[in-house]
Amino acid sequence: MLAVRNLSFSYGQKSVLLDINLDCKPMLTAIIGPNATGKSTFLKCIAGLLKHRGKVILNGKRIYDGDSTGQVSYLPQDNGTPIALTVLEAVLLGMHQSLSWRVSQKDLDLAFGVLEDLGIEELSTRLLNQLSGGQQQMVSIAQSLVREPQVLLMDEPTSSLDLYRQLEIFNLIKKVTYEKNIITLVALHDLNLAARYADRMVVMSKGTIYDAGEPYAILTEDMIKTVYGVHADVYMDRDGLPVVVPKVSSSPAKRIQHRDTLGQRQPEKALGGVLTP
Amino acid sequence: MSRDAYDRITRRKIVYLIVVIGAMILTFFIDIMTGPAWLSMKEVIQAIFWPGQSDPMVEGIVWIIRLPVAFMAISVGAALGVAGAEMQTILGNPLASPYTLGISGAAGFGAALAMVLGVGAVPYAQEFLVPLNAFIFSLITCMTIYMLARGRKKNQTETIILVGIALLFLFNAFLALLQYMASENELQAVVFWLFGSLMKATWPKLAIVTVVLILLIPLFARDAWKLTALRLGDSKAQSLGIDVRKLRLRVFVGISLITATAVCFVGTIGFVGLVAPHISRMLVGEDQRFFLPLSALSGALLLSAASVGSKMIIPGSIFPIGIITSFIGVPFFLALILTRKEGHW
């Protein structure tokens with residue numbers, strides 16, 4: 001159990017997080033909210049990377065700033081500088097705390113195991129600077145999974161991946177979360193992706209938590225209007241999951257609507273179909 | 001399948017290390033053979049391994065004159081290679097070398113102060129007046145950079161670079177002032193010192209450089225994985241649980257000590273500290289478990305080869321090695337850069 005108590009953080013004079021309280025169980029929690037509401041800062045505070053006020057408690061023990069026990073794994077949005085380092089070595093870096101100069105067979109097995117799970121084993125001997133942006137993101141994900149953390153914090157982990165990879169990665173994150181009983185928090189912009197995969201959603205707005213709960217209870221037209229300032233319809237798809245379709249009133253959007261009408265395409269079906277892996 | 005490929009890559013890196021060690025040993029012996037009086041490999045080996053059985057004249061040349069110089073080339077080359085590798089790592093900059101941050105400027109000023117004004121930072125040390133001055137002024141520069149960078153929470157790298165460059169200009173100006181004031185003989189001594197030379201190598205000086213190197217390399221080696229992660233960028237390294245500020249400052253202190261020790265005895269020998277890390281990166285990549293030792297070895301090889309070159313250009317005379325390192329290093333380096341397809345920085 002991860003408990004956040006009275007967490008506040010400011011960059012100089014500017015308050016970013018205001019007295020946040022949150023409990024997280026081992027499940028996949030999506031953190032949503034507009035830009036600059038403090039989602040990334042919140043994850044960094046939990047990871048112990050930013051000096052904050054308040055407490056972050058994992059299984060009754062407080063996590064301190066700069067915690068390096070490896071219990072908490074944080075995947076930043078930035079994949080890092082692509083350098084002349086093989087993918088396998090980059091993945092090994094994820095568990096540098098426990099590595100010695102000579103890498104044991106057990107650690108190699110662990111690293112190769114994660115690469116196999118992610119389906120990128122064939123990249124193991126390629127250099128990071130020879131990979132595409134999406135492949136680099138996969139390596140970053142491998143780096144955070146190889147630590148076998150109790151808490152997995154991911155900031156937009158699929159932002160540069162194609163749709164197929166996005167679904168594949170979220171299926172894997174969900175599988176790992178359940179199998180290893182991990183408390184997973186993912187900051188996401190894509191509300192439909194969040195709705196499909198998250199067990200729970202936390203909405204952040206202006207440095208505070210606006211609401212938290214199961215996706216169907218959270219994703220309402222009112223919430224989207226209040227938090228994002230956008231008018232949207234929320235439908236239930238065939239799987240009973242909420243699907244958000246923003247209402248568009250400007251002229252380019254009308255053209256799209258017209259085309260949809262011609263093609264007899266129903267918005268909820270279209271999105272539901274796309275999201276099926 | 002991938003595992004086999006990975007093992008193959010690791011073996012190849014080990015082979016590179018072994019090849020460079022072999023080449024370094026070879027140049028070391030050639031370095032002892034060459035000079036105003038040419039010696040054969042047999043004479044050299046006999047004088048080194050079976051002293052007392054060979055010509056006393058040859059033994060004198062080998063043990064008193066050439067061995068300290070040849071070893072000094074290896075030690076100083078390794079020191080500059082390691083210092084350059086870690087300077088590029090902590091600053092995340094391909095242009096960084098041990099001399100980027102005013103260390104050479106300060107050392108030059110310290111040495112010139114001793115030569116021109118006879119002013120020593122430590123009294124009663126006439127024999128070591130010049131190196132001690134160079135060493136102390138290098139360390140003053142490093143400590144100034146360290147103190148200013150330590151308090152910075154953000155932009156630590158930029159602070160280190162900009163303060164270092166500012167100090168470089170300051171000491172160069174002081175040095176120019178001293179040169180302006182110096183007599184002809186003093187000026188000659190200063191200029192010659194600035195060229196860099198191994199010729200003043202003695203066994204005690206060699207011992208100091210080597211001991212500092214042997215003490216500090218394990219400290220870098222202990223942080224090998226962290227330093228590799230640092231090359232991915234600060235935010236990535238932090239996310240992996242590394243305290244990048246402390247790591248950077250700790251390594252900076254190590255680099256300062258190694259560079260100050262090397263430069264104070266031999267003057268400013270350029271290029272080795274810049275090029276050796278690049279050569280190593282091209283051969284074995286950024287994994288510091290291979291990159292660090294190979295940078296040391298290729299630095300040693302480069303300076304040893306330059307030492308041979310400095311004696312061969314005009315037979316009978318010895319060129320300042322600081323000039324030769326660039327003559328040998330630049331074409332080799334350009335060839336490596338232009339023949340590589342992948343970017344390594």
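Trainee: Before I look at helix α12(B), what counts as buried here?
Mentor: A residue is buried if 20 or more other C-beta atoms lie within 10 Å of its own, and please keep in mind that this is a predicted model.

Trainee: OK, so how many of the 13 residues of α12(B) are buried?
Mentor: The helix is mostly covered, with 12 of its 13 residues buried, and among them are V272(B), P277(B), H278(B), R281(B) and V284(B).

Trainee: And how far apart are its end C-alpha atoms?
Mentor: They are 18 Å apart, which agrees with the expected span, because 13 residues at 1.5 Å a residue, covering 272-284 of chain B, should also reach 18 Å.

Trainee: What follows α12(B)?
Mentor: The helix is followed by G285(B), a residue whose phi is positive, near 80°.

Trainee: Switching topic, which residues touch the most other members of the largest nonpolar core?
Mentor: That core holds 185 residues, and the ones touching the most other members are V91(A), L153(A), V76(B) and A79(B); helix α3 of chain B, residues 56-91, gives the most to this core, with 19 residues.

Trainee: What does L153(A) touch?
Mentor: Leaving aside residues up to four places away in sequence, L153(A) touches several residues, including L43(A), I46(A), V72(A), Y74(A) and L185(A).

Trainee: And how many residues does each chain bring to the contact?
Mentor: Chain B brings 29 residues and chain A brings 30, and on the chain B side α1 (2-33), α9 (224-230) and α10 (234-239) each supply at least two residues.

Trainee: What's the mix by class on that chain B side?
Mentor: The side of chain B that touches chain A has 9 nonpolar, 10 polar and 10 charged residues.

Methods
Residues are numbered from 1 along each chain as its sequence is written. Chains are lettered from A and ligands numbered from 1 in the order in which they are written. This is a predicted model: local features need pLDDT of at least 70, side-chain atom pairs count only at pLDDT 80 or more; totals for chains, interfaces and linings use all residues. A nonpolar core is a set of buried Ala, Val, Leu, Ile, Met, Phe, Trp, Tyr and Cys residues joined through C-beta atoms within 7 Å. Helices (H or I, at least four residues) and strands (E, at least two) are DSSP runs, numbered from the N terminus. Two residues are in contact if their C-beta atoms, placed from the backbone, lie within 7 Å. Ala, Val, Leu, Ile, Met, Phe, Trp, Tyr, Cys and Pro count as nonpolar, Asp, Glu, Lys and Arg as charged, and the others, Gly among them, as polar. The expected span of a helix is 1.5 Å times one less than its number of residues.
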